[in-house]
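Work through the following exercises with the model open beside the text. Each task is followed by a solution that goes step by step.

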Amino acid sequence: MGRIIKWLFYLLVLGAIALVIYAYVGPFFGADFSPPQTEIVVPVDLDAK
């Protein structure tokens with residue numbers, strides 16, 4: 001049982017490292033992580049009764 005937990009921990013650490021590397025290297029390969037830039041206008045009524 002301890003072996004399985006150890007391997008799952010190794011896979012979790014390896015996956016986290018791979019995710020961080022992908023976040024840094026992804027834009028060089030065409031992955032765009034930036035959100036779409038759009039203006040949102042919402043009217044606010046401050047004195048509603």
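**Exercise 1. Determine which residues form the nonpolar patch on the surface, and how much accessible area they have together.**

Solution. The model is a predicted one, in which local features need pLDDT of at least 70 and side-chain atom pairs count only at pLDDT 80 or more, while totals for chains, interfaces and linings use all residues. Residues are numbered from 1 along each chain as its sequence is written, and side-chain values use heavy atoms, with hydrogens and water left out.

Step 1 is the rule: a patch takes residues with over 30% relative accessible area and no salt bridge, joining nonpolar side chains (Val, Leu, Ile, Met, Phe, Trp, Tyr) within 5 Å and like charges within 9 Å. A salt bridge here is a side-chain nitrogen of Lys or Arg within 4 Å of a carboxyl oxygen of Asp or Glu. Accessible areas come from the Shrake-Rupley method with a 1.4 Å probe, and for residues only the protein chains shown count as cover.

Step 2 is the result: the patch is formed by Trp 7, Phe 9, Tyr 10, Leu 12, Val 13, Ile 17, Val 20, Ile 21, Tyr 24, Val 25, Phe 28 and Phe 29, with about 1400 Å² of accessible area together. For the protein chain, the exposed area is about 5300 Å², of which carbon and sulfur atoms supply 70%.

**Exercise 2. Compare the expected span of helix 1 with the distance between its end C-alpha atoms, and state how far the helix is covered.**

Solution. Helices (H or I, at least four residues) and strands (E, at least two) are DSSP runs, numbered from the N terminus; the protein chain has one helix and zero strands.

The expected span is 1.5 Å times one less than the number of residues. For the 24 residues of helix 1 this gives 34 Å, and the end C-alpha atoms are 34 Å apart, so the two agree.

For the cover, buried means under 20% relative accessible area, exposed over 50%, and partly exposed in between (1.4 Å probe, protein chains only). The count of buried residues in helix 1 is zero, so that the helix is hardly covered, and in the protein chain of 49 residues the buried ones make up 4%. Ile 4 and Leu 14 serve as examples: Ile 4 lies in helix 1 and is exposed at 52% relative accessibility, while Leu 14, also placed in helix 1, is exposed at 55%.

**Exercise 3. Describe the aromatic pairs that link Trp 7, Phe 9 and Tyr 10.**

Solution. Rings of Phe, Tyr and Trp (its six-membered ring) pair if their centres lie within 6.5 Å; planes under 30 degrees apart are stacked, over 60 edge-to-face, and the rest tilted. By this rule there are three aromatic pairs.

One of them joins Trp 7 and Tyr 10 edge-to-face, at 5.9 Å centre to centre and 90° between the planes. These two residues are separated by about one helical turn, because they stand three residues apart in helix 1. Another, between Phe 9 and Tyr 10, is tilted, with 6.4 Å centre to centre and 50° between the planes.

On accessibility, Trp 7 is exposed at 54% and Phe 9 is exposed at 51%, whereas Tyr 10 is partly exposed at 43%. Ring pairs thus link Trp 7, Phe 9 and Tyr 10 into a cluster.
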